[in-house]
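Work through the exercises below with the model open. Each task is followed by its solution.

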Amino acid sequence: MTHAETAPFQFFSLHVDRTRRLGPSLVRVTFTGDDLKAFASGGRDQSLSLFLPHPGQEAPILPALDDPDMYAILGAWRAMPEDERAVMRSYTVREQRTEPVHEVDIDFALHGDGGPACRWAGRAEPGDRVVALGPAVAENTGVRFRLPADADSVLIWADETALPAASAILEWLPAETRARVFLEVPYSGDRTELTTEADATISWLVREEGAPSAVDAVRGVELPGGVPYVWIAGESGSVKALRRHFVRERGLDRRRVTFVGYWRKGLSEDALREVPDEVREEARREA
């Protein structure tokens, strides 16, 4: 596939190289392919769109990908029958490697009542084909974690769907950065070893152990430093409540609080995409 070097996002044809179960709720899928030579993740919470096949399909069904207009391809994809066109879901690039071969890891959160992407990840095997719409330049809008130059500390809250992003952010944080981190997961076995050079205090909030709500978990915690930056991501109801807590109750400048609703209880990602700015807009109105 030919890629225009100036396009920030491009289509990449990939295949599964291997999978690894990380815990009860997470599986890591490692993708490879010649197209990854043009892939350029910005790290941190770098997102991409993954196009997956329906059961019984050998590869995701998409329009021809040789049109230089990415939006024309997406428009043609949306016009295809829903039960035929590839399933599209958004994920975080957990890690990109270029040596000894080009690879990208994506961690999938698994749920018993999960949707088609969850089911695909649970049965993924080497050779399975996918297509990604991802970054071709490292500086791109798919990276939401933007540490202000004057920030002297970071507070992070993430649930299991945002755990890959939070883990990548921790690996990226400069040495000696003070960080207070809250990671909510369903089961005790979902705790993972995290790598960071930051001065990080990490609390695991395990729901099967009776973890408090997101706001209750952070309410009595003193923010590290005098000029903090807050990044919160996961279930949109929890994200909105946390954002409201930090902006309205604690008086933080809303521009220093990055918040991303990855999913919403009772709502599929397809339905959530119909109101993609709901979390942002409602929080802005309430601030």
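**Exercise 1.** State what share of the contacts with a separation of 6 or more joins residues 24 or more positions apart.

Solution. Take a contact as heavy atoms within 4.5 Å. Among contacts in the protein with a separation of 6 or more, residues 24 or more positions apart account for 71%.

The model is predicted: local features need pLDDT of at least 70, side-chain atom pairs count only at pLDDT 80 or more, and totals for chains, interfaces and linings use all residues. Residues are numbered from 1 along each chain as its sequence is written, and side-chain values use heavy atoms, with hydrogens and water left out.

**Exercise 2.** Find where pLDDT stays under 50.

Solution. Start with the average pLDDT (the predictor's confidence in each residue, from 0 to 100), which is 90 for the protein. Next, 90% of the residues score at least 70. The stretch under 50 is residues 271-287, with 28 contacts beyond four places in sequence. Where pLDDT is low, the predicted coordinates should not be read in detail.

**Exercise 3.** Compare the radius of gyration with the globule rule.

Solution. The radius is taken over C-alpha atoms, and the rule is 2.2 Å times the number of residues to the power 0.38. For 287 residues the rule gives 19 Å, and the radius of gyration is 19 Å, so the protein is as compact as a globular protein of that length. The C-alpha trace spans about 50 × 40 × 40 Å along its principal axes.

**Exercise 4.** Give the percentage of residues that count as buried.

Solution. Buried means under 20% relative accessible area (1.4 Å probe, protein chains only). Of the 287 residues, 51% meet this.

Key: Buried means under 20% relative accessible area, exposed over 50%, partly exposed in between (1.4 Å probe, protein chains only).
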